[in-house]
Amino acid sequence: MQVTETLNEGLKRSYAITVTAAELDAKVNEKLAEAQPEVEMKGFRKGKVPMALLKKQFGQRVMGEAMQESIDGAMSDHFEKSGDRPAMQPEVKMTNEDWKEGDDVEVSMSYEALPEIPEVDFTKIKLEKMVVKAGDAEVDEALGNLAETAQDFKARKKGSKAKDGDQVVMDFVGKVDGEAFDGGSAEDYPLVLGSNSFIPGFEEQLVGVKAGEEKAVTVSFPEDYQAEHLKGKEAVFDCTIKEVKQPVAAQIDDELAKKFGADDLAALKTQISERLEAEYTGAARAVMKRGLLDSLDGLVSFDLPPSLVDAEAGQIAHQLWHEENPDVEGHDHPEIEPTDEHKSLAERRVRLGLLLAEIGQKAEIEVTDGEMTQAIMNQARQYPGQERQFFEFVQQNQQMQQQMRAPIFEDKVVDHIVEQAKVTEKEVSKDDLQKAVEALDEE
């Protein structure tokens with residue numbers, strides 16, 4: 001077997017691989033000899049079929065396997081001896097397409113090698129970690145927001161007109177062609193105007209009603225309404241207004257705390273404080289991580305595999321195009337040409353991706369089964385009632401597993417670097433942290 005270099009330019013490599021006819025024949029004989037003890041053929045005892053007959057009967061079938069194994073072996077030996085790591089799957093093709101049995105097999109192999117990644121002294125990296133304390137003001141603000149979400153309603157003054165957002169308590173009877181229909185009546189029904197919980201056009205007609213008033217509301221059921229006999233039909237609802245109530249925030253007390261699963265108000269404040277601290281810590285870490293990546297990007301420089309950069313630039317351009325054209329769900333659209341800006345961003349991502357992968361490999365950082373399981377469970381919660389199906393889908397989908405493993409690995413590598421870097425803490429306000437987070441999205 002012979003491997004001859006035909007191109008060595010930057011990171012591009014090409015080789016001509018020759019597997020001689022004698023080597024191929026020996027491989028075929030080896031595979032037939034392995035199978036011989038199990039072969040049964042009429043006129044011969046099991047395992048006693050002559051090799052010549054085996055070769056005549058099965059030689060052609062085994063030839064393809066022998067050829068593939070020989071080429072794979074040559075490639076494997078080449079990468080082991082050269083130390084090259086291909087950036088993407090090597091391109092392999094036969095160059096003597098008119099090959100016939102008895103000829104040598106000639107193959108060309110082309111790939112882009114991953115570059116040598118320079119060492120980085122992490123102790124020279126300086127990072128700033130923003131620290132925000134969840135003070136009384138922040139906790140009170142969060143409490144106020146909770147109270148609004150748990151709003152109550154209290155009766156308006158007698159004679160007050162209902163406004164959008166008010167709750168109207170009423171009896172109603174719905175009729176189609178003068179006949180009441182099933183499910184179209186209720187008593188003491190509390191309807192919040194503007195909630196869009198009734199048929200389109202219903203709630204708007206109740207704006208301005210007063211307690212004690214009777215109001216006929218005329219609406220048409222949508223054409224896609226779930227009840228077949230009501231689709232597209234006009235209906236009249238005779239409504240008797242009993243009360244008009246205005247929204248009021250819930251009282252911030254122990255009762256509110258119990259609505260949110262806490263024993264009392266003090267316990268709820270503690271929960272809120274811990275949640276806010278966790279949110280601030282997560283946001284501050286994102287800001288610090290960007291600072292770290294910026295530092296690493298400025299510290300290292302090496303050749304990048306063009307195929308990786310082109311693929312990443314294409315993906316960036318495609319993603320941004322869909323964000324700008326949300327109405328187009330599929331991929332039936334004009335070809336999207338990456339811009340210089342897309343290519344520049346792709347170069348940064350590829351450079352940092354290769355660097356972090358190298359750092360992680362040298363530090364023997366791995367994503368554990370437990371970490372993967374936790375990540376899958378967290379994502380499965382987005383599909384209530386289908387958690388098991390999602391879990392099984394991920395288990396059977398290698399690409400999906402890699403998509404979930406990659407950010408976990410990256411975060412572990414970042415933590416590894418941060419542990420050795422010089423980190424100074426800076427206490428800032430919540431607004432300062434928010435501005436820093438917003439700046440991340442703008443870059």
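**Note on the β1-β2-β4-β3 sheet and Glu112**

1. Strand β2 (residues 12-19) pairs with β4 in the antiparallel sense, over 8 bridges. The model is a predicted one. Two of the partnerships along this pairing can be named: Thr18 has Glu106 of β4 as its bridge partner, and Ser14 has Ser110 of β4.

2. On its other pairing, β2 meets β1, again antiparallel, over 7 bridges. Here Glu5 stands opposite Tyr15 of β2. The hairpin of β1 and β2 has 2 residues between the strands, and Gly10 in this hairpin takes a positive phi near 65 degrees.

3. The sheet is open and has 4 strands, in the order β1-β2-β4-β3, with antiparallel pairing. Its edge strands, β1 (2-9) and β3 (91-94), each pair on one side only. From one strand to the next the twist averages 15 degrees.

4. Of the 8 residues of β2, 6 are buried, so this strand is largely enclosed by the rest of the structure.

5. Glu112 belongs to strand β4 (residues 105-112). Which side chain of opposite charge is nearest to Glu112? That side chain is Lys12, 5.3 Å away. A salt bridge requires a distance within 4 Å, and Glu112 has none although it is buried.

6. What Glu112 does have is a polar contact, side chain to side chain, with Ser307 at 2.6 Å. Leaving aside residues up to four places away in sequence, Glu112 touches Leu11, Lys12, Arg85, Pro86, Ala87, Pro305, Pro306, Ser307 and Leu308. Anyone checking the surroundings of this buried acid can start from the Ser307 contact.

Conventions:
Residues are numbered from 1 along each chain as its sequence is written. This is a predicted model: local features need pLDDT of at least 70, side-chain atom pairs count only at pLDDT 80 or more; totals for chains, interfaces and linings use all residues. Side-chain values use heavy atoms; hydrogens and water are left out. Buried means under 20% relative accessible area, exposed over 50%, partly exposed in between (1.4 Å probe, protein chains only). Lys and Arg count as positive and Asp and Glu as negative; His and the chain ends are not counted. A polar contact is a pair of N or O atoms within 3.5 Å; within protein, one must be able to donate a hydrogen and the other to accept it, and residues adjacent in sequence count only if both atoms are side-chain atoms. Contact means heavy atoms within 4.5 Å. Two strands pair if DSSP finds at least two bridges between them. Axes are lines fitted to C-alpha atoms, for helices over the stretch in contact, and angles run from 0 to 180 degrees between N-to-C directions.
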